[in-house]
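Hi there,

Here is the structure I promised to send over. Have a look at it first, and then read on for what turned up in it.

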Amino acid sequence: MSIIESHPSVDDAYPTRKAAEAALLYRVDPVVYGSAGDGPIDAGTLESYDANGYLTVDRLLDPEEVELYRAELRRLSSDPKILADERTVTERGSDEVRSIFEVHRISEVFANLVRDPRVVGRARQILGSDVYVHQSRVNYKPGFKGKDFYWHSDFETWHAEDGMPRMRAVSISIALTENFAHNGGLMIMPGSHRTFVSCVGETPSDHYKESLKGQEIGTPDPGSLSILADKHGIELFTGPAGSATMFDCNCMHGSNGNITPFPRSNVFIVFNSVENTCVEPFSAPAPRPSFIGARDFTPVA
């Protein structure tokens with residue numbers, strides 16, 4: 001593994017899945033593009049986001065709103081048409097629902113959440129522009145059977161397989177059940193967003209069919225993860241239903257499996273800047289389907 005200060009290609013600022021050895025590349029893009037006057041995030045929180053790569057909102061949704069979204073989760077997971085749709089992904093080795101993608105197009109309830117100023121307003125402020133939804137999904141991490149999401153940088157996949165050029169996207173994860181320390185909560189390495197892990201392994205055709213159940217290609221090597229963890233540590237996020245975490249597209253993050261009786265469900269929305277729309281994939285034979293990586297760049301109204 002190597003640590004590289006200069007980036008080897010002007011055409012691809014973050015090369016990955018192209019070399020036989022993993023590499024750590026310094027980030028060359030800003031983290032925060034807007035300012036405190038551009039939205040609901042105060043100056044101190046923006047500074048913390050810039051330094052750590054994430055921010056938390058203790059109570060983004062009130063209890064009545066949470067129940068509305070929980071009811072919609074139940075409706076979606078019991079609808080035979082939704083369960084048969086290719087946008088629904090099941091857990092490895094079972095028929096338990098793992099994720100339902102493009103949920104803002106499937107459900108008007110979640111479409112309204114995407115347009116909520118408390119949600120999209122924060123994304124516009126961080127990214128300093130209008131934004132569109134690159135990806136949306138609900139994650140069901142059921143009790144006893146919920147599988148892990150291994151360590152990864154979302155940007156590595158979005159760059160390699162979707163053609164996202166630069167690091168100008170932000171994700172928001174909104175808890176719809178309580179996040180305990182023991183039911184597979186989100187883990188982030190704070191500060192890791194400033195280092196890009198260039199991964200090894202060629203991207204197979206239709207890789208998404210396997211990676212959505214359990215990713216292997218595009219995951220960081222143990223050496224890179226050890227360096228980042230030693231430098232930055234690991235933060236585990238807990239909190240009540242209705243709380244939220246926003247994090248930079250290049251944060252190293254993951255979550256453990258859930259063997260407790262307590263399910264952990266969340267809605268996950270990725271906003272990308274309209275000034276950073278996707279092109280051809282940088283390290284894949286073809287773009288992933290649009291329900292995973294949008295090719296419609298219409299701004300959220």
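R118 counts as partly exposed, at 29% relative accessibility. Please keep in mind as you read that this is a predicted model. R118 forms a salt bridge with E65, and their closest N and O atoms are 2.6 Å apart. That pair links distant parts of the chain, since R118 belongs to helix α6 (residues 117–127) and E65 to helix α2 (residues 63–77), 53 residues apart.

How many salt bridges does the structure hold? There are 19 salt bridges. One of them joins R27 and D248, with 2.8 Å between the closest N and O atoms. Here too distant parts of the chain are linked: R27 is in the loop between β2 (23–26) and α1 (43–52), D248 is in strand β12 (residues 244–248), and 221 residues lie from one to the other. Are these two partners buried or exposed? R27 has a relative accessible area of 11%, so it is buried, the cut-off being under 20%. D248 is buried as well, with a relative accessible area of 1%.

Another bridge is made by the side chains of D79 and R75, at 3.9 Å from N to O. R75 counts as partly exposed, with 37% relative accessibility. You may also like to find the network of salt bridges that links D85, R87, E102, R105 and D296.

Now to the sheet. Seven strands form an open sheet, and their order is β3-β12-β8-β14-β6-β5-β4, with antiparallel pairing. At the edges are β3 (54–57) and β4 (88–90), each of which pairs on one side only. On average, neighbouring strands here are turned by 15° against each other, direction ignored. As general background, strands of a sheet pair through backbone hydrogen bonds, either parallel or antiparallel. For a specific example, β4 pairs with strand β5 (residues 97–101) in the antiparallel sense over three bridges, and T90 has V97 in β5 as its bridge partner.

Which strands does helix α5 lie across? Helix α5 (residues 108–115) lies across β6 (131–141), β8 (169–175) and β14 (264–273), and runs at about 50° to β14.

Next, the nonpolar cores. The largest has 40 residues, and F110, I126, I172, I174 and F271 are the members that touch the most others. Helix α6 gives the most to this core, with five residues. Leaving aside neighbours within four places in sequence, F110 is in contact with Y69, E72, L73, L76, V103, H104, V138, L176 and V267. There is also a second, separate core of 22 residues, which includes M167, L186, F237 and F247.

One last residue to look up is T16, in the loop between β1 (2–4) and β2. T16 is buried, with a relative accessible area of 0%. Beyond residues up to four places away in sequence, T16 touches E156, A160, F196, V197, S198, C199 and S283. With one of these, E156, there is a polar contact from side chain to side chain, at 2.7 Å. If you want to place T16 relative to A111, the two are 95 residues apart in sequence and 33 Å apart in space, C-alpha to C-alpha.

Happy browsing, and do write back with any questions.

Best wishes

Note on methods
Residues are numbered from 1 along each chain as its sequence is written. This is a predicted model: local features need pLDDT of at least 70, side-chain atom pairs count only at pLDDT 80 or more; totals for chains, interfaces and linings use all residues. Side-chain values use heavy atoms; hydrogens and water are left out. A salt bridge is a side-chain nitrogen of Lys or Arg within 4 Å of a carboxyl oxygen of Asp or Glu. Helices (H or I, at least four residues) and strands (E, at least two) are DSSP runs, numbered from the N terminus. Buried means under 20% relative accessible area, exposed over 50%, partly exposed in between (1.4 Å probe, protein chains only). Two strands pair if DSSP finds at least two bridges between them. Axes are lines fitted to C-alpha atoms, for helices over the stretch in contact, and angles run from 0 to 180 degrees between N-to-C directions. Contact means heavy atoms within 4.5 Å. A polar contact is a pair of N or O atoms within 3.5 Å; within protein, one must be able to donate a hydrogen and the other to accept it, and residues adjacent in sequence count only if both atoms are side-chain atoms. A nonpolar core is a set of buried Ala, Val, Leu, Ile, Met, Phe, Trp, Tyr and Cys residues joined through side-chain atoms within 4.5 Å.
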